[in-house]
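Me: I am a first-year student and should like a close look at a single part of this structure. Please explain how that part is placed among its neighbours, and then set it in the context of the chain.

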Amino acid sequence: MPSNAASRSATHYVAPIEETPLQAVDQVDENEKTRSTWTDAWDSMRVRPMFWVSAVLILLIIVVALFPGLFTHIDPRKAILAKSNEGSEAGHIFGYNRQGYDVYSRVIWGARNSLIVGIVATVLVTFVGVIIGALAGFYGGWLDTIVSRIADIFFSIPTVLGAIVIMSVIPARNAITVALVLAAFAWPQIARIMRGAVLSAKQSDYVMASAALGVSRFKTLVRHVIPNSVAPVIVVSTVSLGTFIVAEATLSFLGIGLPDSALSWGLDIGTAQVSIRTAPSTIFWPSAALSITVLAFLLLGDVVRDALDPKARARR
């Protein structure tokens, strides 16, 4: 009898000790699971004041471009020659330019074309560059050789210089035309970055595991390789958007970008250069709008780059 009681007592106390580890494994806290790169990047960005400053500026610029009527009711194409180069007055805080246009209204309305060129060119360059770079890097061989040589040819032509040559022979020009021309010369940079990222990613274990499971190479590329290789492309694309806005302003300043009837910061800067001594404010305001817009995208690009770079996160 005592031996049976001792046996039951031992069983009673040993059993919970053996079950406890299994219960702990089954109750893993969801917050302790492996975090994705994008979650870590967002956590890194949202605590940086520079991210919020650039994000607010970009959001404001987008709102101005989409709804300029909320910020001014003055017709940007209404010229009052009698007020040529006059300074600010009630209802016209930036004054008038050489043709008698209200400078403030033209700065507000000029944001639309500049942003259209920047966004469309960036989307096109990213789309084409990601596809071409991913295919070349993943499949290699003759496809990689051909793509690399074509990219080298385009790399030898400066984007703005190539755009000047093409735009000078295009009779009808608009924001989409400018964006297409800029994208035609700028895609090799994204393609080369994507190719390098894919070359590194396709040696990963998950690619070999996918092949072992019988998944086709194309599906592996689309489902696994591209999503894990696109981070550096996003960084470069964010910075490139500001660069395309500057390129549009440069082409318009030279008179081969948007037509004279369009509203653009580059056109207004080009028009105001002859009045820089007598009315410097006419060139200051469109230049300031252009600089702030480009600076906002450059700052956002720097924040995104630091957030997606593991070494930068480790240093912080």
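Reply: In this predicted model, the part chosen is helix H11, whose buried residues pack against helix H4 (103-139), H10 and helix H12 (281-308). Helix H11 covers residues 265-272, and seven of its eight residues are buried, so H11 is largely enclosed by the rest of the structure. Which residues of H11 are buried? They are Trp265, Gly266, Leu267, Asp268, Ile269, Gly270 and Ala272. To be called buried, a residue must have a relative accessible area under 20%.

Two of the partners of H11 also pack against each other. The axes of H4 and H12 lie 10 Å apart, and the angle between these helices is about 35°. Their crossing is right-handed. On the side of H4, the contact is made by Val103, Val107 and Leu115, while H12 contributes Thr282, Trp285, Pro286, Ala289 and Phe297. By class, seven residues of this contact of H4 with H12 are nonpolar and one is polar, with no charged residues. Trp285 has a further role to note, for together with Phe94, Tyr104 and Phe284 it forms one aromatic cluster.

The remaining partner of H11 is H10, which spans residues 231-253 and includes Ser240. Is Ser240 buried or exposed? Its relative accessible area is 13%, and Ser240 is therefore buried. When neighbours within four places in sequence are left aside, Ser240 is in contact with Thr122 and Gln189.

Gln189 leads to another pair of helices, since this residue of H7 takes part in the contact with H5. Helix H5 (residues 141-155) and helix H7 (residues 175-201) have axes that come within 9 Å and cross at roughly 135°. H5 and H7 are therefore oblique to each other. The crossing of H5 and H7 is left-handed. In H5, the residues concerned are Asp144, Ser148, Ile150, Ala151, Asp152, Phe154 and Phe155; in H7, they are Ala184, Phe185, Trp187, Pro188, Gln189, Arg192 and Arg195. The residues of the contact of H5 with H7 comprise eight nonpolar, two polar and four charged. The contact of H4 with H12, by comparison, has no charged residues.

A wider view places these helices in the whole chain. Its secondary structure consists of 13 helices and zero strands. Of the 316 residues in the chain, 39% are buried. Among contacts between residues at least 6 apart in sequence, 70% join residues at least 24 apart.

Aromatic rings provide a last point of detail. The count of aromatic pairs comes to nine. One of them joins Trp42 and Trp52 in an edge-to-face arrangement, with 6.2 Å from centre to centre and 75° between the planes. Trp42 belongs to helix H2 (residues 37-46) and Trp52 to helix H3 (residues 49-66), and the two residues are 10 apart. Trp42 has a relative accessibility of 36% and so counts as partly exposed. Trp52 is likewise partly exposed, its relative accessible area being 42%.

To return to the part requested, H11 is largely enclosed by the rest of the structure, and its buried residues pack against H4, H10 and H12.

Note on methods: Residues are numbered from 1 along each chain as its sequence is written. This is a predicted model: local features need pLDDT of at least 70, side-chain atom pairs count only at pLDDT 80 or more; totals for chains, interfaces and linings use all residues. Side-chain values use heavy atoms; hydrogens and water are left out. Axes are lines fitted to C-alpha atoms, for helices over the stretch in contact, and angles run from 0 to 180 degrees between N-to-C directions. Helices (H or I, at least four residues) and strands (E, at least two) are DSSP runs, numbered from the N terminus. Angles under 35 degrees count as roughly parallel, over 145 as roughly antiparallel, 65 to 115 as roughly perpendicular and the rest as oblique. A crossing is left-handed if the near helix is turned anticlockwise from the far one by less than a right angle, and right-handed if clockwise. Contact means heavy atoms within 4.5 Å. Ala, Val, Leu, Ile, Met, Phe, Trp, Tyr, Cys and Pro count as nonpolar, Asp, Glu, Lys and Arg as charged, and the others, Gly among them, as polar. Rings of Phe, Tyr and Trp (its six-membered ring) pair if their centres lie within 6.5 Å; planes under 30 degrees apart count as stacked, over 60 as edge-to-face and the rest as tilted. Buried means under 20% relative accessible area, exposed over 50%, partly exposed in between (1.4 Å probe, protein chains only).
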